[in-house]
Amino acid sequence: MPDTHALVNEFVIKLKKRKVEGSKATAKLTAELLRSVISQQRIPHTNQAVALIDAIKSVGEQLIAANPVERDGDKVTAAKVQGFMRTGGVGLWEEATGGREKEREDGDSFGELAVGNIVRRVLHIIREEDLSLTTAAIGGLSLSAVSDDEDDVEQDGHPVLSAAAVAAAARSTLRPPSLQTLLEDLPHSAAAPPTSSSGGDSDGKSKSADKSSRSRKLKHNVIEAVNELIQDIATCHEQIAEQAVEHIHQNEVILTLGSSITVIEFLCAAKEKKRSFRVFVAEGAPRYQGHVLAKELVARGLQTTVITDSAVFAMISRVNMVIVGAHAVMANGGIIAPVGLNMVALAAQRHAVPFVVLAGIHKLCPLYPHNPEVLLNELKSPSELLDFGEFSDCLDFGSGTGYPLLHVVNPAFDYVPPKLVSLFITDTGGHNASYMYRLIADYYSADDFVVQRRPS
Amino acid sequence: MLEAFQESIKDYSTPPEKALIRDLTAKINCYVSFLIECRPLSISMGNAIRFLKTRIVKLPLTLSESEAKATLLSDIDRFINEKIILADKVIVRHAVTKIRDGDVLLTYGSSSAVEMICLHAHDIGKQFRVVVVDSRPKLEGRLLLHRLVRKGITCTYTHINAVSYIMHEVNRVFLGASSVLSNGTVYSRVGTACVAMVAHQFHVPVLICCEAYKFYERVQLDSICSNELGLLSDYRLYWSCFLMLWMVLHYPCHLSRSVIHLMCCR
């Protein structure tokens with residue numbers, strides 16, 4: 001146990017200092033951490049799943065709290081600037097914006113949503129495995145004519161129906177109907193459900209019967225499933241890139257903004273399949289990641305043109321498709337994307353150009369965005385926009401009313417509403433924005449949307 | 001440019017056995033082609049040159065050389081006074097009535113008309129804030145920011161990508177224009193259309209401030225048909241790229257609430 005505490009604390013410190021870059025890396029590290037927590041967690045014989053869920057929730061709470069998003073970021077930043085400026089320090093300009101902003105050099109470290117996503121995924125895995133084991137155990141018990149439990153004799157005639165029906169009913173409450181569950185073969189779910197009391201009795205007794213064999217199995221299954229999850233996260237780029245050939249055709253012009261590894265892999269996969277196309281890369285002020293992307297694409301032999309962000313509207317009339325990556329996909333199908341993409345999406349809609357978003361499933365967040373421009377945003381250092389030295393003579397905070405004449409706003413993210421997104425390409429295939437809620441039903445449980453332990 | 005033409009007319013003298021009108025017109029054409037070599041003409045410059053040539057052609061033949069020159073010089077002075085200086089004053093007077101106390105205005109790049117509006121409104125005591133949106137490669141917004149902050153106007157400075165973030169605070173968008181075309185399209189600095197588009201999404205009124213001498217009888221659908229490529233050295237990159245300096249705003253009437261201009265005596 002102390003081992004896991006140390007690991008968790010180490011990861012929390014990394015998250016707070018924003019040393020982890022990129023949502024994929026964050027997701028992978030979170031999943032691995034949770035896997036070690038599970039494997040080292042000692043679980044009691046009864047209510048195993050609940051114990052596991054509790055443990056994961058406590059760790060998850062810590063992880064999610066480690067990466068807070070600034071609320072009312074604009075006012076906070078302005079107040080910080082004002083406060084520091086009153087002390088009259090020129091060199092404090094950059095400190096005033098929050099020292100931690102400076103530590104972030106390149107690569108986004110807005111991993112808070114990814115951390116929460118993975119925690120919820122693992123919780124859902126635990127619930128699912130527990131349920132499938134219960135179903136299998138009960139199914140196996142009912143198939144064998146001999147019952148260990150003498151109290152079961154009086155209910156001989158009903159165990160098949162009751163237990164299986166209870167399991168099916170439980171599963172249907174756990175997982176709202178999604179495409180996968182609808183297509184699953186559940187012949188015994190059509191049977192009439194018995195009275196709940198008898199069903200509960202047989203369930204409880206059968207549970208106590210093979211606890212010992214299940215105790216090892218639950219953990220084992222959960223760890224296997226988490227391994228699969230880690231594997232999925234690691235290969236999400238390849239799976240998305242496999243679909244590139246269907247979407248990019250000969251002599252097309254693609255527009256993108258900023259830099260995203262998923263987009264690079266996507267475009268290069270199409271290039272390898274001998275499609276020839278051109279790419280316009282918008283710079284992505286103020287970090288100008290577009291330059292990095294363009295260099296990378298040129299190195300791989302793609303014809304690239306770099307344009308300023310302001311020229312996006314001008315060029316988009318000659319573009320066939322816009323392909324971008326996202327940081328997070330919200331439950332309504334909207335995306336949190338690098339700043340400037342809302343503008344690009346609007347221009348694409350205006351010119352009827354498809355706006356395609358590439359996102360791994362680990363970026364899918366079960367939360368609905370409320371006021372996302374402010375609440376799900378981060379404001380970065382204004383030194384990226386303005387040199388303090390240039391404006392030091394304009395900013396005279398010592399005299400007069402004392403409130404700052406100049407605010408500099410440098411948000412990191414943009415919210416793009418779902419109606420502007422034409423297509424999501426994820427590692428499970430292409431989806432419409434309105435299909436996102438179904439994917440959430442598949443990957444997350446409704447109980448886990450708020451990762452907080454109930455006060456005991 | 002007009003003042004340069006004034007100087008050249010002052011120094012001009014008709015060579016013997018040549019008509020003033022034709023010779024002067026030929027000289028002006030020379031100057032104009034030299035200017036075009038340096039940089040493509042803006043639409044307002046084209047309009048001014050057309051005005052000057054019309055005045056030269058309409059000169060009565062009975063005038064002596066000095067009288068003709070004096071007439072031309074006074075014509076150019078009148079043009080500058082009426083169409084540029086007075087026009088700006090009237091625009092500012094109209095526009096200031098659109099600014100209420102407590103407003104947050106947004107402007108893009110650096111437009112002289114918008115700057116005059118802001119300064120005048122501040123002078124007459126209106127309380128408002130200005131958001132200056134800037135973009136590469138020219139980063140003209142910084143100059144405007146300097147001038148506004150120096151006068152004591154509270155400003156917010158941001159880059160064009162952040163326009164979606166800041167637009168929810170904004171009440172009005174004031175934009176300058178290089179020209180307004182016949183189909184209502186506004187021709188302005190690259191990036192203006194993006195700002196107008198986002199303003200439209202957030203239901204913020206967009207006001208274009210453009211003097212009448214910049215109007216032009218041409219129609220254009222998008223920004224690529226006729227444009228000007230900027231200097232690569234402005235861009236600071238290692239490989240080939242091209243960038244647009246001017247840009248066309250698609251401008252159906254529902255996108256903006258009003259276009260302020262001055263219809264002067266034509």
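Which residue stands opposite B:Y157 in strand 3 of chain B? Select B:Y157 in this predicted model and look across to chain A: the residue opposite is A:V408.

**Stop 1: the strands that join the chains**

Extend the selection to residues 406-408 of chain A, which form strand 8 of that chain, and to strand 3 of chain B. The two strands run in the parallel sense and are paired over three bridges.

**Stop 2: the whole interface**

Now display every residue in contact between the two chains: 50 residues belong to chain A and 45 residues to chain B. Together, chain B and chain A bury an area of about 4200 Å², and carbon and sulfur atoms contribute 64% of that area.

Turn next to the polar side of the interface. There are 13 residue pairs in polar contact across it, counting pairs with both residues at pLDDT 80 or more. Hide chain A and colour chain B by secondary structure to see which elements supply two or more residues to the side touching chain A: helix 6 (141-151), strand 3 (154-159), helix 7 (163-166), helix 8 (192-201) and strand 8 (246-249) of chain B. Strand 3 of chain B provides the largest share of that side, with six residues. By residue class, the side of chain B that touches chain A comprises 26 nonpolar, 14 polar and five charged residues.

**Stop 3: the salt bridge**

Restore chain A and select B:R136 together with A:E283. These residues form a salt bridge, in which the closest N and O atoms are 2.4 Å apart. The interface of chain B and chain A contains one salt bridge by the rule applied.

**Stop 4: chain B as a whole**

With chain B alone on screen, trace its eight helices and nine strands. The chain has 266 residues, of which 54% are buried. Among contacts in chain B with a separation of 6 or more, 78% are between residues 24 or more positions apart.

Then select B:L139, in the loop between strand 2 (128-134) and helix 6 of chain B. B:L139 has a positive phi of about 50° although it is not a glycine. Is B:L139 buried or partly exposed? Its relative accessible area is 26%, so B:L139 counts as partly exposed.

**Stop 5: two loops of chain A**

Move to chain A and select A:K274, which lies in the loop between helix 14 (261-272) and strand 2 of that chain. A:K274 also shows a positive phi, about 65°, without being a glycine. A:K274 is classed as exposed because its relative accessibility of 69% is over the 50% cut-off.

Continue to A:P286, in the loop between strand 2 (277-282) and helix 15 (289-299) of chain A. Show the backbone here: the peptide bond between A:A285 and A:P286 is cis, with omega about -5°.

**Stop 6: a buried threonine in chain A**

Finish at A:T426, in strand 10 (residues 423-426) of chain A. A:T426 has a relative accessible area of 4% and is therefore buried, the cut-off being under 20%. Which residues is A:T426 in contact with, leaving aside its neighbours within four places in sequence? Select A:I240, A:Q243, A:A359, A:I361 and A:H431 to display these partners. Finally, draw a distance from the C-alpha atom of A:T426 to that of A:K363: the separation is 9.5 Å, although the two residues are 63 residues apart along the chain.

Notes:
Residues numbered from 1 in each chain as written. Chains lettered and ligands numbered in written order. Predicted model: local features only at pLDDT ≥ 70, side-chain atom pairs only at ≥ 80, totals over all residues. Heavy atoms only, no water. Contact = heavy atoms within 4.5 Å. Buried area = accessible area lost by both parts, 1.4 Å probe. Salt bridge = Lys/Arg side-chain N within 4 Å of Asp/Glu carboxyl O. Polar contact = N/O pair within 3.5 Å; in protein donor to acceptor, adjacent residues only side chain to side chain. Helix = DSSP H or I, 4+ residues; strand = E, 2+ residues; numbered from the N terminus. Nonpolar A, V, L, I, M, F, W, Y, C, P; charged D, E, K, R; others polar. Pairing = 2+ DSSP bridges. Buried < 20%, exposed > 50% of the residue type's maximum accessible area, 1.4 Å probe, protein only.
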